[in-house]
Every structure is written in C-alpha cells, then in structure tokens.
Amino acid sequence: RALADPCPDAVHISGSPMLVQVSPGPTSPAASYLVGPGLVNATAGTAASFTIHSRDSYGNPVTSGGDPYTVLLSGPRPVKASPVDGGDGSYAVSLVPELAGDYEVLVRYGDGVVGAAS
C-alpha cells in the first residue's frame, strides 16, 4: 500500500521510504480485559466461562501467548482456575463453583489486577 509522502520536495535515500512494522508492547493488566457469560451468571456445579484478552498499555491487542495470569473466584467456597493459553493473546477460563452465593472474579497478572486502573 502506498503511503503519503510527508516531504514531497525532499530527495529520498535509496530504498526509502521504508515500511516499519510496529508490534504491540508488553501486556498491561490495566489495559487487558475480560469477556464472557461466566462474569455475570453462574450455576452451582456448572462451568462458568470467560476469556481474558491481553492488551498493551496503549490498548493494542497482544498477539502472542505466555502471559502468567492467575484466576480466583472468591466467595463462599473459593475456586482457582488455570487459564488456557490460546497462543494469540487470549486465554480461556472455566470455573465450576460448588456453593451458591455471591462471588468476585479476580484475575491477576503479576502484581496487577486485570482491568484495574494503574
């Protein structure tokens, strides 16, 4: 795709202009987010599912895996889950609460909490 020349009167160096591929930065827990029905409704004994989407501090999607997320459903009977790495910056989570009650979903990335302002 042709790019607009910001300096139309300039003499270009051989090989310019060059196309530069800019990749996302490291994962930011504050910019990453959660999506899925398991964040709103769950039934005791049935899997509640959601997805973690990794973003860098500028909101760019992270396109590789390997993020060290930990997940806890905190409430009457806490449940831990291990996210399944999709290899593309997304992580599938499935939790099975056994006891009815009010719970809080807590997703951590290192010392940060996903979705929390830094």
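What follows is a set of questions and answers on a predicted model.

Residues are numbered from 1 along each chain as its sequence is written, and side-chain values use heavy atoms, without hydrogens and water. In this predicted model, local features need pLDDT of at least 70 and side-chain atom pairs pLDDT 80 or more, while totals for chains, interfaces and linings use all residues.

Trainee: How many helices and strands does the chain have?

Mentor: Helices (H or I, at least four residues) and strands (E, at least two) are DSSP runs, numbered from the N terminus. Along the sequence the pattern reads β-β-β-β-β-β-β-β. The count is zero helices and eight strands.

Trainee: Is the chain spread out or compact, and what is its radius of gyration?

Mentor: The C-alpha atoms fill a box of roughly 70 × 25 × 20 Å along the principal axes. The globule rule (2.2 Å times the number of residues to the power 0.38, for a radius taken over C-alpha atoms) gives 13 Å for 118 residues. The chain is well over that, so it is more spread out than a compact globule, with a radius of gyration of 21 Å.

Trainee: Which strands are the edges of the open sheet of four strands?

Mentor: Two strands pair if DSSP finds at least two bridges between them. The order is β4-β3-β7-β8, with antiparallel pairing. Two strands pair on one side only: β4 (79-81) and β8 (112-113).

Trainee: Which residue in β8 stands opposite Y109?

Mentor: Strand β7 covers residues 104-109 and is joined to β8 by two bridges. The two strands run antiparallel. Opposite Y109 stands G112.

Trainee: Which residues form the aromatic cluster?

Mentor: Rings of Phe, Tyr and Trp (its six-membered ring) pair if their centres lie within 6.5 Å; planes under 30 degrees apart are stacked, over 60 edge-to-face, the rest tilted. Y69 and Y91 have ring centres 5.0 Å apart and planes at 70 degrees, so that pair is edge-to-face. Y69 and Y109 have centres 5.3 Å apart and planes at 55 degrees, so that pair is tilted. The cluster is Y69, Y91 and Y109.

Trainee: Are Y69 and Y91 buried or exposed?

Mentor: Buried means under 20% relative accessible area, exposed over 50%, partly exposed in between (1.4 Å probe, protein chains only). Of the 118 residues, 24% count as buried. Y69 lies in strand β3 and Y91 in strand β6, 22 residues apart. Both are buried.
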